[in-house]
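Colleague: I'm new to this one. Can you walk me through it?
Modeller: Sure, here it is.

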Amino acid sequence: MIRRAVLSVMSVLAALVLVAGCGGGSSNVDCGLDGCTVTFPRSGDAVVSVLGVDARLVGVQDGTAQLEVAGQQITVPVGGETQAGGFTVGVERVTDTEVIVRVRA
């Protein structure tokens, strides 16, 4: 019984850290229990703080987003995922005006 209570408290604290751990400058950041979704403007140089690390859209070419997450340069195709700085980073959608990226711990 005590073990369950401790696990429940730890789960709630982890969720609060995830939700509180997101913030964005000119980009839209939406965090939940399963990570953060960042909507970057396709033009401009927006940097956001996501789960305690900086993330930035470097550019987009041929349906592939070039990102910098936690100081690491990565390239992720739409619908794909990769690891960077201990996080799973996926690109959900690229349009003419925005790039939607998902970051999970």
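Modeller: One term before the hairpins: strands are DSSP runs of E with at least two residues, numbered from the N terminus, while helices are runs of H or I with at least four. Two strands pair if DSSP finds at least two bridges between them. Now, β4 and β5 form a hairpin with two residues between them. Leucine 51, in that turn, has a positive phi of about 55°.

Colleague: Hang on, what kind of model is this?
Modeller: This is a predicted model, where local features need pLDDT of at least 70, side-chain atom pairs count only at pLDDT 80 or more, and totals for chains, interfaces and linings use all residues. Residues are numbered from 1 along each chain as its sequence is written, and side-chain values use heavy atoms, with hydrogens and water left out.

Colleague: What does the chain average in pLDDT?
Modeller: The average is 81, and 75% of the residues score at least 70. pLDDT is the predictor's confidence in each residue, from 0 to 100. Over residues 3-25 it is below 50. Beyond near neighbours in sequence, that stretch has 26 contacts in the model. Contact means heavy atoms within 4.5 Å.

Colleague: Why be careful where pLDDT is low?
Modeller: Because the predicted coordinates should not be read in detail there.

Colleague: Back to the hairpin. How many bridges join β4 to β5?
Modeller: Four, and the strands run antiparallel. Valine 47 has arginine 56 in β5 as its bridge partner.

Colleague: And how many join β5 to β6?
Modeller: Six, again antiparallel. Alanine 55 is opposite valine 69 in β6. β5 and β6 also make a hairpin with two residues between the strands, where aspartate 62 takes a positive phi near 50°.

Colleague: What order do the strands take in the open sheet?
Modeller: The five strands run β2-β3-β10-β9-β8, with antiparallel pairing. The edge strands are β2 and β8 (81-84), each pairing on one side only. From one strand to the next, the twist averages 25°. That comes from axes, which are lines fitted to C-alpha atoms (for helices over the stretch in contact), with angles from 0 to 180 degrees between N-to-C directions.

Colleague: How many bridges hold β2 and β3?
Modeller: Five, in the antiparallel sense. Asparagine 28 has threonine 39 in β3 as its bridge partner.

Colleague: New topic. How many disulfides are there?
Modeller: One. A disulfide is a pair of cysteine sulfur atoms within 2.5 Å. Here cysteine 31 and cysteine 36 are linked, with sulfur atoms 2.1 Å apart. The link is right-handed, with 105° about the S-S bond.

Colleague: Are those two cysteines buried or exposed?
Modeller: Both cysteine 31 and cysteine 36 are buried. Buried means under 20% relative accessible area, exposed over 50%, partly exposed in between (1.4 Å probe, protein chains only).

Colleague: Which residues touch the most other members of the largest nonpolar core?
Modeller: Phe40, Val50, Leu67, Val69 and Val101, out of 23 residues. Strands supplying at least two residues each include β3 (35-41) and β6 (64-69). A nonpolar core is a set of buried Ala, Val, Leu, Ile, Met, Phe, Trp, Tyr and Cys residues joined through side-chain atoms within 4.5 Å.

Colleague: What about glycine 90, buried or exposed?
Modeller: Glycine 90 is buried because its relative accessible area is 6%. It lies in strand β9.
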